[in-house]
Amino acid sequence: MKTNREDGDSIDGEGDSKRQRIVVSPSSASEEPLVPYNDDEDDERRALNHIGGGEEDGHRVESEDDDDPYGQGSILEKPNHQVEVRRDCPYLDTVNRQVLDFDFEKFCSVSLSNLNVYACLVCGKYYQGRGKKSHAYTHSLEAGHHVYINLRTEKVYCLPDGYEINDPSLDDIRHVLNPRFSREQVEQHDKNKQWSRALDGSDYLPGMVGLNNIQKTDFVNVTIQSLMRVTPLRNFFLIPENYHRFRSPLVHRFGELTRKIWHARNFKGQVSPHEFLQAVMKASKKRFRIGVQSEPVEFMSWLLNTLHADLRTSKKSSSIIHKCFQGELEVVKETQNKAISEKKESGGEQNGVPKITDGVIKNNNIAAGTYRMPFLMLGLDLPEPPLFKDVMEKNIIPQVPLFNILKKFDGETVTTTVRPPARMRYRVTRLPQYLILHMGRFTKNNFFREKNPTLVNFPVKNLELKDYIPLPAPTKENERFRSKYDLIANIVHDGKPDEGFYRVFVQRKSEELWYEMQDLHVSETLPQMVALSEAYMQIYEQQQ
């Protein structure tokens, strides 16, 4: 489509929608309104719009497609535009790693779009696009910041020149943006005793980094920190190939957060779970959100069930969640038979002989049914605290052994439910690899929320369940029955019911040391201190 360009007039092509205009080179970026580009490589699509390509008398010819602003219609006609790759960028010394933070959502700071976002490696801000009408291009001219990384492809570019920078010195930034592990590295995590150093000179342990409390999100932080101690779950999410075929944003955000927590080359010794919290808010339909305190047991239950639902390939298939946490209970439920009790009230007579129908025993006015149900965590009931004060005018804080409250699952202790009215007996028929126990500390009445301050005495190591609750014999002949557990995480609640906060004690397996974690605060502690706190939720690991 070569035309006579000396007269500078605009020429319309026959029968096509393209019009050509003369642009005097070089053109100013401020002449055109800012256009956000919905593309991966702006220069490629800009090249698809280019016609002629040759320059005469200081002019170059560009074409615009009225109906196709991104040049999609020209893809078959034009060759791909190759971006120049250089290693000798003079602006690499302006990169400031201190300001880089890839924990927040990947949105342009001007247009608030999440399409084709670049991070300025000089000031750390996010901008959209790379073309001449884009926000990143404008920022490079206005602020004199020239080095940008594409947050999706991890390619680094120099703007406004537009060439790609291929320099090994930028690999550490790519690793922080998207941490990656080999399978050998994943297997070595529980043996690694080496500390890492952040840019500010502080030391941190990979896997033992603090999580930022954005606003009343300590219930999320303690849940995440305790789940990071579950080795098979952690190893699964450290390798993205295990779940890349699933579309759930929650799964991918949880995987990203797991990789950042266990990354040994972070620029700072803490992680902000901002993107994960946004995915949680969306997936839970704002049941859990920033700024509103919730209970870790509700969040843990929702998170495990949602991750399982998102990770399974069919309704009957299992997932890494069920392989780690799922056990089985046998439940005997006794309810009052309404029809019989109504007859009794109206004076009708009933024989006292028990009847068995469909596995349900009916005796007088009681119907008992037995069934099996899976569980991901076991809820334990604490005894009522004393009502009256002692001589010193203080409430005595009672203590109860863990084995006493575990009797709820011995198959004989009766638990009464109010709605619907029933008598329940529970017996564990299959133990999970990781056992989650929850102590019901909070009760709600019509007026306020109360907290039970009872201390639970529990062993940190060698919790032997078969001594306290009846367990089934192993199904296979040569199989050794495993009923011994070691504590790996203990979530505790401090303070008043509505004003308190959560913290967690976790074990570091490589050295068998215990750490106390409360948001950004991480400190080593003694195993004896773990047992002195008001335990709220615990995770035990089965001894192999």
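In which strand is Asn150 found?

## Asn150 and its surroundings

This report concerns a predicted model. Asn150 is found in strand S7, which covers residues 147-150. Is Asn150 buried or exposed in the model? Its relative accessibility is 2%, and Asn150 therefore counts as buried, since the term applies to values under 20%.

The side chain of Asn150 also has a polar partner in the backbone. One of its polar atoms lies 2.8 Å from the backbone nitrogen of Arg152. Arg152 appears again below, as a residue of the lining of the largest pocket.

## The largest pocket

The largest pocket holds about 1,100 Å³ of space. Its lining is made up of 35 residues, and those nearest the centre are Lys106, Arg152, Arg253, Glu256 and Glu275. Two elements give two or more residues each to this lining, namely helix H7 (249-261) and helix H8 (274-283). The largest share comes from H7, with seven residues.

What is the chemical make-up of this lining? For the largest pocket, the residues divide into 14 charged, 13 nonpolar and eight polar.

## The largest cavity

Enclosed space was examined as well as open space. Rolling a probe the size of a water molecule over the atoms shows where empty space is left. The structure contains five cavities of 30 Å³ or more, and the largest of these cavities has a volume of about 150 Å³.

Fourteen residues line the largest cavity, with His189, Asp190, Arg234, Trp262 and Arg508 nearest its centre. Helix H6 (231-238) and strand S28 (501-508) each contribute at least two residues to the lining of this cavity. By class, the lining of the largest cavity comprises five charged, five polar and four nonpolar residues.

## The second largest cavity

Which residues line the second largest cavity? The lining consists of Leu100, Phe102, Asp103, Val176, Lys260, Asn266, Phe267, Lys268, Gln270 and Val271. The space within the second largest cavity amounts to about 100 Å³.

Five residues of this lining are nonpolar, three are charged and two are polar. The nonpolar group includes Leu100 and Phe102, while Asp103 and Lys260 are among the charged residues.

How values were computed. Residues are numbered from 1 along each chain as its sequence is written. This is a predicted model: local features need pLDDT of at least 70, side-chain atom pairs count only at pLDDT 80 or more; totals for chains, interfaces and linings use all residues. Side-chain values use heavy atoms; hydrogens and water are left out. On a 1 Å grid over the protein atoms alone, a cavity is a set of points where a 1.4 Å probe fits but cannot get out, and a pocket is an open set with protein on both sides within 12 Å along at least five of seven lines; lining residues have an atom within 4 Å of a point. Grid points are joined across faces, edges and corners, and a volume is the space filled by probe spheres set on the points. Helices (H or I, at least four residues) and strands (E, at least two) are DSSP runs, numbered from the N terminus. Buried means under 20% relative accessible area, exposed over 50%, partly exposed in between (1.4 Å probe, protein chains only). A polar contact is a pair of N or O atoms within 3.5 Å; within protein, one must be able to donate a hydrogen and the other to accept it, and residues adjacent in sequence count only if both atoms are side-chain atoms.
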